[in-house]
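Please look at how the two domains of this chain are placed, and then follow the nonpolar residues from the interior to the surface.

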Amino acid sequence: MPPRGGPRQQFLTEEEKKARPKVTSALLKRIFSYLLPYWKQMLLVLCAIVISSVLSMLPSVLTGRIIDEGLIGRSMEKLVLYIVLSLAVTLGANLIGVLESYLNSWIAQHITFDMHNKMYAHLLRMSHRFFTTNSQGDIITRMTSDISGVQQIITNTLSSILSNSITLIVALVIMFRQNWILAIVGILVVPLFVLPTRSAGKARWTITNESQACSDEINGILNETLSVSGQLLVKLFGREQREYERYEAVGRRQVALNIRESMAGRWFRVALSTFSSIGPMLLYLAGGVIMMRYDETLTVGDITVLVTLLGRMYGPVSQLLNIQVDWIRSMALFTRIFDYFDMVPEVGQPAAPVHPVTAKGEVTFEHVDFSYDPDRQILRDVSFQLPEGRCIAIVGPSGSGKSTLINLIPRLYDVTAGRVLFDGEDVRTLDLAFLRSHIGIVSQETYLFNGTIRENLLYARPDATEEMLLDACRQANILDFIEKQENGLDTVVGNRGLKLSGGEKQRISIARVLLKDPALMIFDEATSALDSISEQKIQDAIEPLIASRTSILIAHRLSTILAADEILVVKDGEIVERGTHHELVGAGGVYTQLYETQFNKSADAPPAQEYSEGE
Ligand code: ATP
């Protein structure tokens with residue numbers, strides 16, 4: 001990324017030098033394919049650039065006429081004519097420049113609009129694994145600043161290459177036609193100007209980089225310490241003073257760097273003005289010598305034209321010298337964007353999807369193996385069957401693979417071996433939208449959007465009536481809470497639902513799933529300690545739901561487990577025991593251990609002994 005602010009940086013960072021993209025014809029063709037739909041507009045831009053470059057050179061030539069024919073020739077008529085002509089030409093060039101900027105920005109905006117849409121649609125189709133392995137920051141950067149960079153390339157880099165090259169060519173042609181010896185002197189003078197510009201720029205670049213690192217560090221500190229959870233950590237560990245000192249130290253470093261940076265700019269301008277005045281003086285000297293000693297046809301006007309044109313060359317030459325940096329950066333940007341486009345969604349719609357009319361919610365696992373990474377197997381030979389209307393509870397130690405197991409049903413991941421069947425069909429052959437629309441998951445991590453409760457509920461079913469919303473809230477045991485709020489369903493939940501308690505969020509997310517009315521319900525019970533009243537409220541919401549539909553529960557509470565028809569005990573990714581509570585509790589295996597150590601025993605649950613004795 002180029003450092004913030006200021007003019008575009010003229011040098012590559014070490015990272016950029018290392019990650020220099022390979023420019024292949026395939027890459028260029030691909031970039032071109034995004035420009036192609038706008039070829040007519042681009043052709044128009046090209047014409048505008050050629051015309052405005054030529055027009056903008058004419059006043060320099062006319063200056064010669066003004067001097068020779070108007071002033072030295074003492075002709076008022078010609079003087080006025082050339083002055084008016086010169087003004088008219090400048091006005092024309094500027095007007096065409098306006099058209100050029102409009103077209104440029106129009107094309108750039110449309111191309112980035114296309115790319116943004118394509119990227120967003122692509123990201124929405126990416127698999128769950130993509131989002132768990134890539135950082136959110138990186139994904140957002142590609143979506144926003146990388147694609148916006150493309151806009152810069154089109155409005156700056158491309159048009160700069162074109163207009164500067166054309167301006168240079170036109171200037172050179174006119175200079176050589178005017179006087180070839182002076183033209184060569186002029187060309188020799190240009191590097192004198194350009195080279196110091198570059199080395200002054202390089203020094204400044206180093207300081208800018210350091211200052212950028214400071215800025216990043218400051219942003220890091222602010223992000224860490226001023227976020228909701230960060231500031232909590234600061235408070236609880238009493239780190240206020242230390243964090244302040246850290247912040248101040250970096251800020252102080254940055255102040256010094258910024259002062260150095262502005263002074264580097266000052267010296268740069270001194271060098272610039274000195275060198276740019278040397279060129280014209282040399283031309284006057286050489287022109288004077290030729291005019292007085294060798295060639296009497298050379299006029300004062302001719303020399304003035306050459307000096308003016310020389311002045312016009314500095315800008316384009318130094319910009320073209322810097323274009324290489326812009327070019328490499330642009331190619332890197334496109335490569336980054338294309339890298340994302342090339343990622344194929346791991347879980348996708350099957351080629352010939354099966355789309356049944358209704359769903360019962362039956363689930364069958366047949367010898368399922370699964371691993372996130374090839375070197376670590378998470379699930380091993382998992383088989384079970386969940387018939388319509390029944391309920392399975394999955395229990396097991398933390399990290400044993402329970403959440404992983406249920407994630408395979410809506411195809412957040414695909415199995416590595418074996419099959420997962422939904423209503424008797426391999427999930428990989430089913431229409432993905434059909435499959436997911438019939439599965440409702442209430443996960444441990446409840447995610448609510450920053451909006452009102454109503455908006456969050458409508459996310460599941462945009463056409464739900466007020467009656468349906470209230471009914472779902474009633475079933476989820478959250479209606480009382482909502483009715484107590486001043487704004488009822490229109491209460492704002494805050495950033496990610498932070499204004500609500502864990503239990504309230506859970507129940508709203510249960511109501512949200514209820515509105516979806518799925519054939520299969522999956523509850524990943526929260527392990528985090530909810531207070532017993534919240535817990536009871538969730539329990540009261542869940543129990544009738546389990547009774548009425550096909551469901552899977554990852555359970556930590558005994559009362560939930562007791563409501564299930566079958567219990568699967570998972571340990572290290574394998575089903576090690578299965579059966580009812582009665583069958584398992586006295587068996588002395590993993591379940592008995594879990595029962596004795598982990599399950600939150602409610603008052604009405606008899607101890608293990610009683611069950612085993614009763615059998
Ligand atoms: P808990 O009861 O604590 O929620 P769990 O039984 O649901 O645990 P899983 O979340 O399924 O366990 O995790 C099983 C194993 O898979 C863990 O060892 C975990 O580290 C690993 N794991 C989970 N998600 C990923 C992932 N996205 N990438 C790689 N490994 C993962």
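Across the boundary between the domains, 4 residues of domain 1 are in contact (heavy atoms within 4.5 Å) with 6 residues of domain 2. Domain 1 covers 17-178 + 323-346 and domain 2 covers 358-438 + 559-615, with bounds from an automatic or database domain assignment, and their centres, taken over C-alpha atoms, are separated by 59 Å. The model is predicted, so that local features need pLDDT of at least 70 and side-chain atom pairs count only at pLDDT 80 or more, whereas totals for chains, interfaces and linings use all residues. Residues are numbered from 1 along each chain as its sequence is written, and side-chain values use heavy atoms, with hydrogens and water left out.

The largest nonpolar core, a set of buried Ala, Val, Leu, Ile, Met, Phe, Trp, Tyr and Cys residues joined through side-chain atoms within 4.5 Å, holds 52 residues, of which I111, M119, L123 and F338 touch the most other members. Buried here means under 20% relative accessible area, exposed over 50%, and partly exposed in between, with a 1.4 Å probe and protein chains only. At least two residues of this core come from each of several helices, including α3 (39-72), α4 (76-125) and α10 (300-341), these being DSSP runs of H or I with at least four residues, numbered from the N terminus. The largest share, 16 residues, is supplied by α10.

Beyond its neighbours within four places in sequence, M119 is in contact with R142, M143, I147, I337, Y340 and F341. Apart from this core lies another, of 44 residues, with L489, L545, I546 and Y591 among them.

On the chain's path, L36 sits in the loop between α2 and α3, and this residue counts as partly exposed because its relative accessibility is 43%.
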